[in-house]
Amino acid sequence: LVMFFYGSNGKSNPVSMENKVEHQAKNQIIYDIHLPSDLGMVYKVRLGLQSLENSISQLSLHHFKMQNTSTLDTFSLTINKTLPLSLNGDRWIEFPVEWPLKEALSVVTYHLTVFCRNILIERNAVHMTACIYGTHGDTGDRSLLWSLQNVQQGDDNESFLVIMDAVELGELDKVVLSISSKTDCKLDIKKLHLKEAVKDYPLYVFEVNETFSVDPNKPEIQREIPVSFVIRGDKQKNGIDNNSNKEGGPAENQTEYIIKVYTGDRRGAGTDANVHIILFGNEEKSEVFHLSQSLEHQDPFEKGKVDTFKIKTKRLGSLHSIEIGHDGKGFASGWFLEKVEIIDASRNSVYCFNCNR
């Protein structure tokens, strides 16, 4: 049994309960531990099983009590959970510390969607964890492959949802992936989407776009992935678009799309021509949009670059196709387009249109 303590000034090293039994009564064990004096006000505890190897036993936790022996400040909590939470399941429980006269943080259920390729077929041999960091600390390493939800599998793409509980992290900052395997394999991870389960926004997008060559004889692979961008949805509350026109009428049929255009990484791939796009949904099609104001680059559609655009149009429903092209202006206007990704913030949907020509 291992515990981590999070204080206003940082996080403790792992505190192992091994060989620290000071007093043991029926169904009750008391430990005497020493935390760093500079940890500050403790606001969160993570408690779990360090390793499940060579063990098939479970640990039922009923009640937790913590007292500062100097100040006699006391915190207690009823847990009533069993670790691991399922066979090969999450090994950690987090809870906020509720000191008197101080508001505690909440426990939040997070939804992490992984967009990838070749992971599901290698799932039984692969061990993959994610540690999510925010302004209120981190989640520690959480297993990603033990209980998958909403599994989607296509010929070239797959995705799955991982659900994890943690004390609220505040503004999310980065995700650290750790990957190892019992066999040689290649795992292609495209991106991660992360949000609170009960909210559509904010949606944090972490672009990975990397193929990992995993060797069982080498140390595990670690990648730190900073947040790429955040879909705030500030104008949406309770499913209602609060944006209004100058006359005060609701713009209830307006939807914002984030369009990411990937120009190929080959000789002569870029273009200086004027690019346009039309979106086709199962309810409507959009007007023609000229993609000129890239959020990343002053000169868009250059070789090997990704350009992001935001557009607003009428509600289109579920997208099924796009028309994209250019006017042929400029010297050597030919353009090699790799793919287009479109994010519909209102539906929390991502569409990928491959071109590769």
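Biologist: How do the residues of the lining of the largest pocket divide into nonpolar, polar and charged?

Modeller: The lining divides into 20 nonpolar, 13 polar and 3 charged residues. Asp, Glu, Lys and Arg count as charged, Ala, Val, Leu, Ile, Met, Phe, Trp, Tyr, Cys and Pro as nonpolar, and the others as polar. This is a predicted model: local features need pLDDT of at least 70, side-chain atom pairs count only at pLDDT 80 or more, and totals for chains, interfaces and linings use all residues. Residues are numbered from 1 along each chain as its sequence is written, and side-chain values use heavy atoms, without hydrogens and water.

Biologist: What volume does the largest pocket have, and what makes it a pocket and not a cavity?

Modeller: Its volume is about 1,400 Å³, the space filled by probe spheres set on its grid points. On a 1 Å grid, a pocket is an open set of points with protein on both sides within 12 Å along at least five of seven lines, whereas a 1.4 Å probe cannot get out of a cavity; lining residues have an atom within 4 Å of a point. By that rule, 36 residues line the largest pocket, and the closest to its centre are Tyr 31, Phe 64, Lys 65, Met 66 and Gln 67.

Biologist: Which strand gives the most to that lining?

Modeller: That is β7, with 9 residues. The strands β1 (2-7), β5 (28-31), β6 (42-48) and β7 (59-67) each supply at least two residues of the lining. A strand is a DSSP run of E with at least two residues, and a helix a run of H or I with at least four. On that count the protein has 29 strands and 0 helices.

Biologist: Why are β26 and β29 called edge strands?

Modeller: Two strands pair if DSSP finds at least two bridges between them. An open sheet of 4 strands runs in the order β26-β23-β28-β29, with antiparallel pairing. β26 (306-314) and β29 (349-354) each have a single partner strand, so one side of each is left without a neighbour in the sheet.

Biologist: How do you know that β28 pairs with β23 and with β29?

Modeller: Strand β28 (residues 337-344) shares 6 bridges with β29 in the antiparallel sense; Ile 343 has Val 350 in β29 as its bridge partner. Strand β23 (residues 254-263) and β28 share 7 bridges, again antiparallel, and Val 261 has Val 340 in β28 as its bridge partner. In the hairpin of β28 and β29, 4 residues lie between the strands, and Asn 348 takes a positive phi near 55 degrees.

Biologist: Why is β28 called largely enclosed?

Modeller: Buried means under 20% relative accessible area, exposed over 50%, and partly exposed in between (1.4 Å probe, protein chains only). In β28, 7 of the 8 residues are buried, so the rest of the structure largely encloses this strand. Across the 357 residues of the protein, buried ones make up 42%.

Biologist: What makes the pairing of β24 with β25 count?

Modeller: Strand β24 (residues 275-281) and β25 share 2 bridges, which reaches the minimum of two. His 276 stands opposite His 290 in β25. The sheet is open and antiparallel, with 3 strands in the order β25-β24-β27. Its edge strands, β25 (289-290) and β27 (319-326), each pair on one side only.

Biologist: Why is Ile 163 called partly exposed?

Modeller: Ile 163, found in strand β15 (residues 158-167), has a relative accessible area of 34%. That value falls between the two cut-offs, so partly exposed is the term.
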